[in-house]
Amino acid sequence: MTKTLYLKTYGCQMNAYDSARMADVLASRGYTATAAAEDADLVLLNTCHIREKAAEKVYSELGRMRALAPARRRRGRDTRIAVAGCVAQAEGEEMRRRAPFVDLVVGPQSYDRLGELLDGLDAGPTVATEFPAVPKFDRLPAPFRSGPSAYLTVQEGCDKFCTFCVVPYTRGAEASRPVAQVVDEAARLAQLGARELTLLGQNVNAYHGALPDGGRESLAGLLSRLSQLPGIERLRYTTSHPLDMDAELAAAHRELPKLMPFLHLPAQSGSDRVLAAMNRRHTADDYRRVVGTVREARPDIAISGDFIVGFPGETDADFRDTLRLVEDIGYASAYSFRYSPRPGTPAAELPTVATEVAVARLAELQALLEGQAGTFNRAMIGRTAAVLLERRGRRNGQLTGRSPWMQAVHVDAPDSLLGELVPVAFAAATANSLSGRVARVPADAA
Ligand code: SAH
Ligand code: SF4
Ligand code: F3S
């Protein structure tokens with residue numbers, strides 16, 4: 001019997017990947033997607049715990065979902081409500097106390113058992129948040145659909161324990177998938193139509209996957225193997241930690257033509273005092289040096305980052321150090337956030353910076369970053385570069401894709417070019433995107 005699934009995803013790319021894999025598990029059990037929660041047999045929220053706002057969104061969404069099951073029961077149908085992801089992992093039983101109508105709470109390491117867990121619900125609600133001995137990746141089915149650009153999780157968890165961050169608690173210890181498993185999945189995605197792969201991990205450049213001979217492969221080595229796969233034309237990876245950004249990976253940016261010139265490298269702060277309090281284990285100058293090494297290997301590389309302002313104890317001088325780092329690096333794009341105390345993390349015990357101070361600092365930092373993004377994008381006007389057209393744009397007759405430097409690009413183009421890599425001449429730019437026209441239609445799509 002076919003059943004319907006309403007799946008909503010919050011948070012990072014790893015959650016997007018996990019949602020796709022959960023949808024695969026559920027499709028093999030007869031579930032098809034619906035956009036209407038009121039008609040769904042299964043409502044599945046894949047949640048994020050990274051900042052307070054992210055976690056609270058889940059409870060307000062659940063508040064809206066509360067009436068669903070009783071309403072459908074009146075129509076003679078059952079609705080199950082399941083919560084997955086990092087809030088599920090962090091709260092476990094507590095989530096069932098706050099939202100007793102939730103049938104299943106399932107943590108990120110148990111998605112391979114999703115089918116069995118749903119079957120078990122006839123016997124009552126379930127909380128599955130243990131960290132199992134057998135990695136879920138050994139048991140998840142192979143993907144069976146893909147867009148032109150696909151995510152592939154190669155590493156999960158984190159052992160760095162930055163003092164502000166929940167990830168080591170919600171995703172567990174750092175673990176890398178074996179090389180053969182990654183290559184098989186990549187080949188499968190290529191067969192399904194993927195032309196670009198983004199390798200994912202909370203600390204993706206700490207990747208050290210097992211080889212069949214008992215050795216270990218680095219991320220640079222893995223990228224080199226994947227760049228030999230037929231059909232794969234572009235490779236990316238995210239998110240990297242500055243400490244694990246080694247010379248081999250920098251060199252890969254020179255040596256692998258398929259490795260795109262983009263690096264997301266969170267800095268968090270430009271103050272050594274704050275970096276130490278965050279337990280980042282590097283200084284601002286270390287970060288400058290790492291970026292320098294990567295730029296030497298690939299001078300046109302676009303650098304992106306993450307910043308936290310208003311970390312406990314951050315003074316105005318510390319914040320000026322952050323602005324100075326941003327000016328020194330020159331970011332192509334960046335995310336910046338106001339510090340959000342997370343229960344259970346060491347920094348949550350520390351006295352916080354006044355809200356209005358943190359708000360003002362964030363606005364100042366964002367204005368600087370936005371200016372840099374605008375400058376970076378405007379420098380592309382008049383140039384032509386390959387764009388992978390991934391999806392329809394907002395306007396009719398428009399397609400949207402990414403430049404090699406990860407910029408969103410909008411072009412007027414027919415649907416027949418969906419999934420194609422086409423040269424685009426850039427004509428206009430904002431801080432968020434480029435637009436242009438197709439310079440030449442590739443022979444295989446003409
Ligand atoms: N593994 C990545 C980041 C994962 S979380 C890294 O090491 O950088 C994504 C981003 O969310 C972080 O880079 C950080 O900027 C932000 N973030 C994490 N915890 C936060 C918190 N408690 N408050 C505000 N921002 C936070
Ligand atoms: Fe969180 Fe730090 Fe690990 Fe990144 S490196 S996931 S910020 S603990
Ligand atoms: Fe959020 Fe978990 Fe990703 S907390 S950012 S969904 S790893």
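How far does the backbone oxygen of Pro404 lie from a polar atom of the side chain of Arg236? The distance is 3.1 Å, and this short tour will come back to Arg236 further down. Please keep in mind that this is a predicted model. We start with the two ligands and then visit some residues of the protein itself.

**Around ligand 1**

- Ligand 1 is surrounded by 15 residues, and the closest of them are Phe164, Gln202, Gln268, Asp306 and Ser340.
- By type, this shell is made up of six nonpolar, four polar and five charged residues.
- Two arginines reach an oxygen atom of ligand 1 with a polar side-chain atom: for Arg51 the distance is 3.0 Å, and for Arg280 it is 3.3 Å.
- Phe164 takes part through its backbone, where a polar atom is 3.0 Å from a nitrogen atom of ligand 1.
- The protein buries 89% of the 530 Å² that ligand 1 exposes when taken alone.
- Two elements each give two or more residues to the shell around ligand 1, namely strand 15 (302–309) and strand 16 (333–338).

**Around ligand 2**

- Three cysteines belong to the surroundings of ligand 2: Cys158, Cys162 and Cys165.
- The other residues around ligand 2 are Lys160, Phe161, Phe164, Val167, Pro168, Asn203, His241 and Arg280.
- Sorted by type, the shell of ligand 2 holds seven nonpolar, two polar and two charged residues.
- Phe164 is listed around ligand 2 and is also among the closest residues to ligand 1.
- Are Cys158 and Cys162 buried or exposed? Cys158 counts as buried because its relative accessibility is 8%, under the 20% cut-off. Cys162 is buried too, with a relative accessible area of 8%.
- The structure holds zero disulfides.

**Arg236 and its surroundings**

- Arg236 sits in strand 13, which covers residues 234–238.
- With a relative accessibility of 4%, Arg236 falls under the 20% limit and so counts as buried.
- The side chain of Arg236 reaches the backbone oxygen of Ser403 at 2.9 Å, and the backbone oxygen of Pro404 lies 3.1 Å from a polar atom of that side chain.
- Leaving out residues up to four places away in sequence, Arg236 touches Glu196, Leu197, Thr198, Leu199, Met260, Phe262, Arg402, Ser403, Pro404 and Met406.

**Tyr331 and its surroundings**

- You will find Tyr331 in the loop between helix 13 (316–329) and strand 16.
- Tyr331 has a relative accessible area of 1%, which is under 20%, and therefore it is buried.
- The side chains of Tyr331 and Tyr287 are joined by a polar contact of 2.8 Å.
- Beyond its neighbours within four places in sequence, Tyr331 has contacts that include Ala267, Ile303, Ser304, Gly305, Phe307 and Val326. Leu369, Gln372 and Ala373 are also among its contacts.
- For a sense of scale, Tyr331 and Gly209 are 31 Å apart in space from C-alpha to C-alpha, and 122 residues apart in sequence.

**Helix 10**

- Which residues of helix 10 (residues 247–255) are buried? They are Leu249, Ala250, Ala251, Ala252 and His253.
- The cover over the buried residues of helix 10 includes two helices, helix 9 (219–226) and helix 12 (284–297).
- Strand 14 (262–264) and strand 13 are also part of that cover, and strand 13 is where Arg236 lies.

Methods
Residues numbered from 1 in each chain as written. Chains lettered and ligands numbered in written order. Predicted model: local features only at pLDDT ≥ 70, side-chain atom pairs only at ≥ 80, totals over all residues. Heavy atoms only, no water. Near = heavy atom within 4 Å. Nonpolar A, V, L, I, M, F, W, Y, C, P; charged D, E, K, R; others polar. Polar contact = N/O pair within 3.5 Å; in protein donor to acceptor, adjacent residues only side chain to side chain. Areas by Shrake-Rupley, 256 points an atom, 1.4 Å probe, with all protein chains shown as cover. Helix = DSSP H or I, 4+ residues; strand = E, 2+ residues; numbered from the N terminus. Disulfide = S-S within 2.5 Å. Buried < 20%, exposed > 50% of the residue type's maximum accessible area, 1.4 Å probe, protein only. Contact = heavy atoms within 4.5 Å.
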